[in-house]
Amino acid sequence: MALLISCRPSVSNISFPFIVKRTSSNKSTKMVFFSNNISCSATSSSTMVAKRKFPILLFDVMDTIVRDPFYHDVPAFFRMPMKELLECKHPTAWIEFEKGLISEDELSRKFFMDGRSFDIQGLKNCMRRGYSYLEGVEGLLHSLKENGYEIHAFTNYPIWFQMIEDELKLSNYLSWTFCSCVFGKRKPDPDFYLEVVKHLNVEASNCIFVDDRMKNVEAAIELGLKGLQFKNADLLRKDLSLLGVDLSTSESQDLTECSS
């Protein structure tokens, strides 16, 4: 029997800090919790799911919510220009790491095509220092949360997503529910999108997907999701508002009442 994750958060603190993982051997569902601020239970698909507010928001993370240090800081760490780094690195090692197919130790052995060694802990520290919210995005996430929207990360990233969480506490606003390293799939693979919709147990049209890469947005739209390309926080606010997403805050409502 299929399983659904039925979650009943308080209205004032809507957060889904878990990952749902379906194992291939017995099709069981595994939940990994990052905090205890939500009550979740596994129920059969015939059980009524608590009423949810639509649309559900699905956010890419890197260069949509968080600055990606790979393009800004990592070439300097290796003391080479980006072009040279791309020519030297193994063509599939990082992708395999993002899909959870190889471990961190295997990545360190395989990262460069010529097998050269490097300080992987130093690389991790470099990336950790480079993580920061993109301008205006944290305020946008705060507005979405305050208005009771269900928000999930839908990201291509390895197990190092935990470093982002440690530095920026994204789980204050969203769930790290859909990470490529857990599902073994990457955007724009259609199967990844279909699995997301299946886990959420909603119609694809009830989801809005936001990503900085247009090819990922186009893949979402082809499968029936609403898709928005991220360019900056101000434009995203406008685009979300045009789709009917309420981004008003208690502060803006107070100002409106004072002026009336």
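This passage walks through a strand, a pocket and the cysteines of a predicted model.

A good place to begin is strand β8, which spans residues 207-211. Five of the five residues of β8 are buried, so the strand is largely enclosed by the rest of the structure. In a regular strand, side chains alternate between the two faces of the sheet. In β8, Cys207, Phe209 and Asp211 lie on one side, while Ile208 and Val210 lie on the other. Both faces are covered, with all of these residues buried.

The neighbours of β8 come next. Strand β5, made of residues 56-59, runs parallel to β8 and is joined to it by four bridges. Within this pairing, phenylalanine 59 has valine 210 of β8 as its bridge partner. Four bridges also connect β8 with strand β9, residues 226-229, and these two strands again run parallel. Here phenylalanine 209 is partnered with glycine 227 in β9. Between β8 and β9 the chain passes through α11, and the resulting β-α-β crossover is right-handed.

Helix α11 leads on to the pocket, as this helix (214-222) supplies at least two residues of the lining of the largest pocket. The volume of the largest pocket is about 520 Å³. Its lining counts 27 residues, and those closest to the pocket centre are Tyr71, Trp94, Glu98, Arg186 and Arg213. Helices α1 (69-72) and α4 (93-98) likewise each contribute at least two lining residues. The largest share belongs to α4, with four residues. Sorted by class, the lining holds 12 nonpolar residues, 11 charged residues and four polar residues.

The cysteines complete the picture. How many disulfides does the model contain? With a disulfide taken as a pair of cysteine sulfur atoms within 2.5 Å, the count comes to zero. Cysteine 181 illustrates this outcome: its nearest cysteine sulfur belongs to cysteine 179 and is 5.1 Å away, and cysteine 181 is in no disulfide. Is cysteine 181 buried or exposed? Its relative accessible area is 12%, and because buried means under 20%, cysteine 181 counts as buried. Cysteine 126 is buried as well, since its relative accessible area is 7%. Cys207, on one side of β8, is a further buried cysteine.

How values were computed:
Residues are numbered from 1 along each chain as its sequence is written. This is a predicted model: local features need pLDDT of at least 70, side-chain atom pairs count only at pLDDT 80 or more; totals for chains, interfaces and linings use all residues. Side-chain values use heavy atoms; hydrogens and water are left out. Buried means under 20% relative accessible area, exposed over 50%, partly exposed in between (1.4 Å probe, protein chains only). On a 1 Å grid over the protein atoms alone, a cavity is a set of points where a 1.4 Å probe fits but cannot get out, and a pocket is an open set with protein on both sides within 12 Å along at least five of seven lines; lining residues have an atom within 4 Å of a point. Grid points are joined across faces, edges and corners, and a volume is the space filled by probe spheres set on the points. Ala, Val, Leu, Ile, Met, Phe, Trp, Tyr, Cys and Pro count as nonpolar, Asp, Glu, Lys and Arg as charged, and the others, Gly among them, as polar. Two strands pair if DSSP finds at least two bridges between them. A crossover is right-handed if, with the strands pointing away from the viewer, the path from the first strand over the helix to the second runs clockwise.
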